[in-house]
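Please read the following report with the sequence and the model side by side. The text moves from strand pairing to individual side chains and backbone angles.

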Amino acid sequence: YTDNRETFASQLEKFKKEARRLHKLNNEHIVRVHDLFEENGTAYYVMDYIDGENLSDRLNRTGKPLSEAEVMQLFPQILDALETAHKEGILYLDLKPENILVSYGQTERIELFDMDSLLRFPVRKSDHARRISYSDGFAPIELQMGQLKKLTPATDVYGIGALLFCLLFGRTPSAA
């Protein structure tokens with residue numbers, strides 16, 4: 001029971017830190033966090049509602065990969081979001097179809113969300129013991145091996161390549 005309290009407290013702090021980082025990221029392609037509050041012994045954050053679907057659901061619904069034209073329309077938006085994060089010294093570290101929402105409307109607009117793997121760079125010594133979650137096929141070897149001091153914006157560039165592969169071929173790339 002005591003172990004669970006420590007784990008919960010650690011995850012709660014991680015959750016709050018994520019919300020504060022997201023709040024700082026002002027980009028139309030990153031889900032906007034408006035408020036963070038604590039109630040009922042836990043924390044909540046309020047973010048924009050996006051009427052749409054994630055890219056994984058789209059791939060499953062259509063049963064086919066995205067066309068080159070669709071990827072060319074969506075990818076500049078993804079790169080714009082990452083550029084904003086990197087300028088703020090934040091690595092995304094979990095680019096995958098499940099974490100990219102596409103809103104319904106006249107023009108498709110993407111928003112990155114589910115940023116529980118966000119990490120500041122350069123990575124601080126205090127982060128070296130931290131476990132970063134990642135998804136097989138979308139993470140470079142340094143992330144899989146927990147070599148946090150080697151993480152840079154290039155880590156997200158690897159994720160971009162893996163995401164492109166997945167969207168264009170309709171399957172998860174092999175693990176690094």
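What follows is a description of strand pairing, aromatic pairs, two glutamates and two backbone angles in a predicted model.

**The hairpin**

Strand S1, which covers residues 33-39, pairs with strand S2, residues 42-47, in the antiparallel sense, and six bridges join them. One of the residues involved is Val33, whose bridge partner in S2 is Met47. The two strands form a hairpin in which two residues lie between S1 and S2, and Asn40 in this turn has a positive phi of about 55°.

**The three-stranded sheet**

A separate description applies to the open sheet of three strands, whose order is S3-S5-S6 and whose pairing is antiparallel. Strand S3 (52-54) and S6 occupy the edges, where each has a single partner strand, and so one side of each remains without a neighbour in the sheet. From one strand to the next, the twist averages 25°. Between S3 and strand S5, residues 100-103, the antiparallel pairing runs over three bridges, and Asn54 stands opposite Leu101 in S5. Helix H2, made up of residues 55-62, packs on the sheet, where it touches both S3 and S5, and the direction of H2 makes about 90° with that of S3.

**Aromatic pairs**

By the ring-centre criterion, the count of aromatic pairs comes to three. Among them is the pair of Phe15 and Tyr45, which is stacked, with 4.8 Å from centre to centre and 25° between the planes. Because Phe15 belongs to helix H1 (residues 2-24) and Tyr45 to strand S2, this pair ties together parts that are 30 residues apart in sequence. The rings of Phe37 and Tyr44 are also described here: their centres are 5.4 Å apart and their planes stand at 25°, so this pair is stacked.

The relative accessible areas of the four residues in these pairs are set out below.

| Residue | Relative accessible area | Class and citation |
|---|---|---|
| Phe15 | 27% | partly exposed |
| Tyr45 | 19% | buried |
| Phe37 | 32% | partly exposed |
| Tyr44 | 32% | partly exposed |

For Tyr45, the value of 19% leads to the class buried because that class requires a relative accessible area under 20%.

**Two glutamates**

Glu111 lies in strand S6, which spans residues 109-112, and with a relative accessibility of 4% Glu111 counts as buried. What polar partner does the side chain of Glu111 have in the side chain of another residue? The partner is Arg109, whose side chain makes a polar contact with that of Glu111 at 3.1 Å. In addition, a polar atom of the Glu111 side chain lies 3.4 Å from the backbone nitrogen of Val31. When neighbours within four places in sequence are left aside, the residues in contact with Glu111 are Glu28, His29, Ile30, Val31, Arg32, Ile50, Asn99, Ile100 and Leu101. Leu101 has already appeared in the sheet, where it is the residue of S5 that Asn54 stands opposite.

Glu88, by contrast in setting, is placed in the loop between helix H3 (68-87) and strand S4 (90-91), and its relative accessible area of 39% makes Glu88 partly exposed. Not counting residues up to four places away in sequence, Glu88 touches Leu25 and Arg120. A further spatial relation links Glu88 with Arg21: the two are 67 residues apart in sequence, while their C-alpha atoms are 9.2 Å apart in space.

**Positive phi angles**

Most residues other than glycine have a negative phi. Against that background, Asn40 has a phi near 55°, which is a positive value in a residue other than glycine. Asn40 is found in the loop between S1 and S2, and its relative accessible area of 69% makes Asn40 exposed. Leu93, which is likewise not a glycine, has a positive phi near 70° and has its place in the loop between S4 and S5. Is Leu93 buried or exposed? At 5% relative accessibility, Leu93 counts as buried, whereas Asn40 is exposed.

Note on methods
Residues are numbered from 1 along each chain as its sequence is written. This is a predicted model: local features need pLDDT of at least 70, side-chain atom pairs count only at pLDDT 80 or more; totals for chains, interfaces and linings use all residues. Side-chain values use heavy atoms; hydrogens and water are left out. Two strands pair if DSSP finds at least two bridges between them. Helices (H or I, at least four residues) and strands (E, at least two) are DSSP runs, numbered from the N terminus. Buried means under 20% relative accessible area, exposed over 50%, partly exposed in between (1.4 Å probe, protein chains only). A polar contact is a pair of N or O atoms within 3.5 Å; within protein, one must be able to donate a hydrogen and the other to accept it, and residues adjacent in sequence count only if both atoms are side-chain atoms. Contact means heavy atoms within 4.5 Å. Axes are lines fitted to C-alpha atoms, for helices over the stretch in contact, and angles run from 0 to 180 degrees between N-to-C directions. Rings of Phe, Tyr and Trp (its six-membered ring) pair if their centres lie within 6.5 Å; planes under 30 degrees apart count as stacked, over 60 as edge-to-face and the rest as tilted.
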